Each structure stands twice: as structure tokens, then as C-alpha cells.
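Here's a quick walk through one model, from ground rules to strands, core and pocket. Have the coordinates open and follow along.

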Amino acid sequence: MSIDDRLDELGLTLPPAPAPAANYVPYVRSGNLLFVSGQISANEDGLILGRLGEDMETAEGAEAARRCGLALLAQVRAAVGSLDRVRQVVRLGGFVNSTAEFTEQPEVVNGCSDLMAQVFGDAGRHARAAISANALPRGVAVEIEAVFEVE
């Protein structure tokens with residue numbers, strides 16, 4: 001089954017690959033590694049804003065992280081043409097806009113990690129960091145960067 005077929009089976013549609021918001025490129029390929037710049041939480045209505053532990057619950061944060069994952073996949077498709085060229089999700093770096101008291105960053109970033117496993121199976125298992133941030137660009141709830149091994 002192709003990855004596009006799997007996306008259809010999961011009822012997922014990738015957004016257009018977001019354009020950079022500052023002086024950087026959305027991805028860089030070095031050999032068989034594709035480094036994808038941080039993707040911020042957004043949906044069809046715009047940016048997903050909020051701060052975990054203040055005005056956003058863990059489940060809402062996990063959905064924001066899932067949306068970051070969809071944007072990461074859109075960037076990969078833009079970079080290499082097909083998600084079938086992904087051999088391994090190598091690493092995710094997740095940043096969660098949260099209060100000092102909030103400690104469920106791993107559960108929030110699971111929204112993206114779970115998506116990668118659903119889409120790529122064992123090749124979606126990855127190394128990861130889930131880090132608290134006291135602020136993120138534009139006030140978004142989550143930002144996630146990634147490294148993929150591609151052919």
C-alpha cells in the first residue's frame with residue numbers, strides 16, 4: 001500500500017506545504033537526510049494559539065501537534081515528490097508553549113509521534129525531544145521540527 005493510500009485510509013488530507021515566515025528555507029537535504037524546519041500549529045481556520053496549562057488542555061495540544069505533523073509531511077512531499085520515498089522518521093523535536101507548572105509535554109508531542117507511526121508503521125518510530133517553551137512564534141501552541149531518511 002502506498003503512503004497516499006494509507007493517508008486516504010486514515011481519512012487524512014495534507015495541507016499545502018507552508019511557506020517560510022522568515023529568513024530560512026522549509027527544508028534542507030543532505031545526502032539521504034531531509035531536515036524539515038519547525039512547523040507551527042495551524043488548521044483550516046488559521047494558527048492554533050494557546051498555552052498548555054493556562055488556556056489549553058493536553059488533548060487540544062496533542063491535536064495541535066498532530067497538525068504540525070501534517071505540515072511536516074506536506075514539506076516532505078514538496079521536497080522529495082512522494083512520501084513513499086521516506087525510509088525512516090529519524091527524529092522529532094517538539095516545542096510546547098506551556099506554563100512552568102505544566103509537565104505533559106510528552107503527551108502533547110505524542111499527537112505528532114502517533115501520526116508518524118500511523119502513516120509509516122515501524123518506519124515512523126523515531127527519536128524525540130519534547131521541550132517546554134514559555135513562548136512560541138506568533139503565540140502558537142506547538143512547533144515541531146523533524147529529520148527524515150529519504151531515498
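## Ground rules

Let's start with accessibility: a residue is buried under 20% relative accessible area, exposed over 50%, and partly exposed in between, using a 1.4 Å probe and protein chains only. By that yardstick Ala 19 counts as exposed, because its relative accessibility is 64%.

This is a predicted model, so local features need pLDDT of at least 70 and side-chain atom pairs count only at pLDDT 80 or more, while totals for chains, interfaces and linings use all residues. Residues are numbered from 1 along each chain as its sequence is written, and side-chain values use heavy atoms, with hydrogens and water left out.

Helices (H or I, at least four residues) and strands (E, at least two) are DSSP runs, numbered from the N terminus.

## The loop between α1 and β1

Ala 19 sits in the loop between α1 and β1. Its C-alpha is 9.9 Å from that of Gln 39, with the two positions 20 residues apart along the chain.

Gly 11 belongs to the loop between α1 and β1 too. Gly 11 counts as exposed because its relative accessible area is 61%. Going C-alpha to C-alpha, Gly 11 and Ala 62 are 18 Å apart in space and 51 residues apart in sequence.

## The β1–β2 hairpin

Strand β1 covers residues 27-30 and includes Tyr 27. Tyr 27 is partly exposed because its relative accessible area is 28%. If contact means heavy atoms within 4.5 Å, then Tyr 27 touches Leu 34, Phe 35, Val 36, Ser 37, Gln 75, Ala 78 and Ala 79, leaving aside residues up to four places away in sequence. Ser 2 is another story: the C-alpha atoms of Tyr 27 and Ser 2 are 23 Å apart, for a sequence separation of 25 residues.

Two strands pair if DSSP finds at least two bridges between them. β1 and β2 do so in the antiparallel sense, over four bridges, and Arg 29 stands opposite Leu 34 in β2. The hairpin of β1 and β2 has two residues between the strands, and Gly 31 there takes a positive phi near 65°.

## β5 and its two partners

On one side of the pairing list, β5 and β7 run antiparallel and are joined by nine bridges. On the other, β5 pairs with strand β6 (residues 127-133) in the parallel sense over seven bridges. Val 96 shows up in both pairings: Val 142 in β7 is its bridge partner, and Ser 132 in β6 stands opposite Val 96.

Arg 138 is in the loop between β6 and β7. Most residues other than glycine have a negative phi. Arg 138, though, has a positive phi near 60°. Arg 138 is also exposed, because its relative accessible area is 60%.

## The nonpolar core

A nonpolar core here is a set of buried Ala, Val, Leu, Ile, Met, Phe, Trp, Tyr and Cys residues joined through side-chain atoms within 4.5 Å. The largest one has 38 residues, and those with the most contacts inside it are Leu 72, Leu 73, Met 116, Phe 120, Ile 144 and Phe 148. At least two residues each come from α1 (3-10), β2 (33-40), α2 (58-80), β5 (86-97), α3 (105-120) and β7 (142-150). The largest share, nine residues, is from α2.

Which residues does Leu 73 touch, not counting those up to four places away in sequence? They are Leu 14, Leu 83, Leu 115, Met 116, Val 119, Phe 120 and Phe 148.

## The largest pocket

Pockets come from a 1 Å grid over the protein atoms alone: a pocket is an open set of points with protein on both sides within 12 Å along at least five of seven lines, and lining residues have an atom within 4 Å of a point. The largest pocket is lined by 30 residues, and Pro 18, Gln 39, Ile 40, Ala 42 and Ala 71 lie nearest its centre. Two or more lining residues come from each of β2, β3 (42-43) and α2. α2 gives the most to this lining, with six residues.

Notes. On a 1 Å grid over the protein atoms alone, a cavity is a set of points where a 1.4 Å probe fits but cannot get out, and a pocket is an open set with protein on both sides within 12 Å along at least five of seven lines; lining residues have an atom within 4 Å of a point.
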